[in-house]
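Student: Could you take me through one part of this predicted model slowly, showing how its pieces meet? I would like to follow a single packing contact and then see what surrounds it.

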Amino acid sequence: MDIRENIASIQSALEEELRTIEDIRQLDEVRQRVLGKKGTLTALLRSMGQLSPQERPAAGQLINAGREAISALLDEKQSMLNARDRELKLRRETIDVTEPRPLPRVGVPHPMSLVLEEVLSALTGLGFDVVEGPEVELDHYNFELLNLPKDHPARDAQDTFYVDDNIVLRTHTSPVQARTMLSRKPPIRIACPGRVYRADEMDATHSPVFHQIEGLVIDKDVTMGDLKGTLDTLFKKLYGNDIETRFRPSFFPFTEPSAEVDLTCITCRGKGCRVCKGTGWIEVLGCGMVNPKVLEMCGIDSKEYSGFAFGIGLERITMLRYGIKDLRLLYEGDERFLRQFR
Ligand code: PHE
């Protein structure tokens with residue numbers, strides 16, 4: 001077979017094969033098989049040694065031209081494959097910034113936070129400042145200054161967690177009354193929300209840790225009527241204008257007179273239902289006129305000033321507000337429960 005035919009057949013076999021080649025590695029193999037040390041075209045070049053000196057230049061030219069044509073074919077295929085790979089890679093690595101993603105999970109406010117927010121905004125609207133006090137409290141503020149001396153029988157009713165003889169976990173938010181009277185001059189109008197502790201069992205209506213919102217007003221000529229007016233305004237704002245308060249006589253050492261306050265049942269609006277046990281009323285707080293003894297112990301002249309105080313159970317009014325039947329739901333952090341209160 002003459003050289004020209006030989007080259008032509010190598011070239012056409014190559015063209016045929018290139019059509020089926022899919023990647024760079026296959027292409028390199030083919031390149032080796034034709035142009036490599038043991039390649040078909042290289043073999044042809046070697047065979048020139050057998051030609052006569054006269055035949056060699058023409059043969060050399062043919063083979064070189066053939067090699068160039070073949071190289072060009074291989075290079076062309078190679079750049080085609082490279083371009084295709086780059087294209088694929090770009091497409092694979094594209095980030096679609098418009099693609100919708102699942103939304104991040106956002107928390108929701110706790111129902112007690114919602115109710116607290118409502119109560120505090122109603123009270124600040126009435127001119128109250130919001131203050132806080134320590135949960136680990138001196139016996140002195142939790143009891144003594146509130147007219148509960150060490151031997152007072154009413155202390156037993158409080159189921160106190162003692163840290164030591166003089167330090168307790170506060171059993172109510174009332175110690176903040178004493179702290180405020182000692183640190184501010186009348187007129188005083190404060191609301192104090194916070195955690196309180198009592199050595200209670202945990203059930204549907206009791207918990208050893210719960211929350212109160214304390215209110216205290218001290219000024220000249222403050223009366224029980226002001227107390228009633230303040231609570232009426234607060235609860236009408238929270239629950240609606242048809243809601244009324246009812247005072248029943250009660251006893252707290254730090255208020256005199258003292259009262260328990262009932263609210264028109266929010267569930268039945270006073271008609272009588274299971275929540276209010278048919279009475280149309282529900283108990284929500286304790287209150288009274290600040291005992292003059294307490295005023296004096298806290299450095300306020302009881303002849304010049306008078307005041308009232310109240311302590312609202314936050315769990316209780318939250319449960320009433322949303323019709324929650326079991327207190328424990330408020331502490332368990334179950335999302336299925338919490339996500340209902342937006
Ligand atoms: N501190 C009382 C309690 O925890 C509630 C209360 C507050 C009563 C203020 C009167 C005045 O039960």
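**Where two helices cross**

Tutor: In this predicted model, the axes of helix 5 and helix 10 lie 9 Å apart, and the two helices pack at an angle of about 100°. Angles of 65 to 115 degrees count as roughly perpendicular, and helix 5 and helix 10 are therefore roughly perpendicular to each other. On the side of helix 5, the residues that take part are Pro111, Met112, Leu114, Val115, Leu116, Glu118 and Val119, and they meet Leu314, Glu315, Ile317, Thr318, Arg321 and Tyr322 in helix 10. Sorted by character, the residues of this contact comprise nine nonpolar, one polar and three charged.

Let us now look at Thr318, which has its place in helix 10, a helix made of residues 314-322. Is Thr318 buried or exposed? Its relative accessible area is 0%, and buried means under 20%, so Thr318 is buried. If we leave aside its neighbours within four places in sequence, Thr318 is in contact with Pro111, Met112 and Val115, and also with Ile324 and Leu330.

From here we can step out to the largest nonpolar core, which has 43 residues, and in which Phe235, Leu285, Phe310 and Ile317 touch the most other members. Several elements each supply at least two residues of this core, among them helix 5 (111-125), helix 8 (224-239), strand 8 (281-290), strand 9 (306-313) and helix 10. In general, nonpolar side chains tend to be buried together in soluble globular proteins. Phe235 shows how such residues are joined: leaving aside neighbours within four places in sequence, Phe235 is in contact with Gly240, Ile243, Thr245, Leu263, Val284, Leu285, Ile312 and Ile317. There is also a second, separate core of 23 residues, which includes Ile188, Cys192, Ile218 and Val294.

For the wider setting, the domain assignment divides the chain into domain 1 (3-92) and domain 2 (111-341), and the centres of these domains, taken over C-alpha atoms, are separated by 95 Å. Another helix pair offers a useful second example: helix 2 (residues 24-35) and helix 4 (residues 56-93) have axes that come within 10 Å and cross at roughly 170°. Helix 2 and helix 4 are therefore roughly antiparallel to each other. The residues of the contact of helix 2 with helix 4 divide into eight nonpolar, three polar and five charged.

Methods. Residues numbered from 1 in each chain as written. Predicted model: local features only at pLDDT ≥ 70, side-chain atom pairs only at ≥ 80, totals over all residues. Heavy atoms only, no water. Axes fitted to C-alpha atoms, helices over the stretch in contact; angles between N-to-C directions. Helix = DSSP H or I, 4+ residues; strand = E, 2+ residues; numbered from the N terminus. Parallel < 35°, antiparallel > 145°, perpendicular 65-115°, else oblique. Nonpolar A, V, L, I, M, F, W, Y, C, P; charged D, E, K, R; others polar. Domains from an automatic or database assignment. Buried < 20%, exposed > 50% of the residue type's maximum accessible area, 1.4 Å probe, protein only. Contact = heavy atoms within 4.5 Å. Core = buried A, V, L, I, M, F, W, Y, C linked by side-chain atoms within 4.5 Å.
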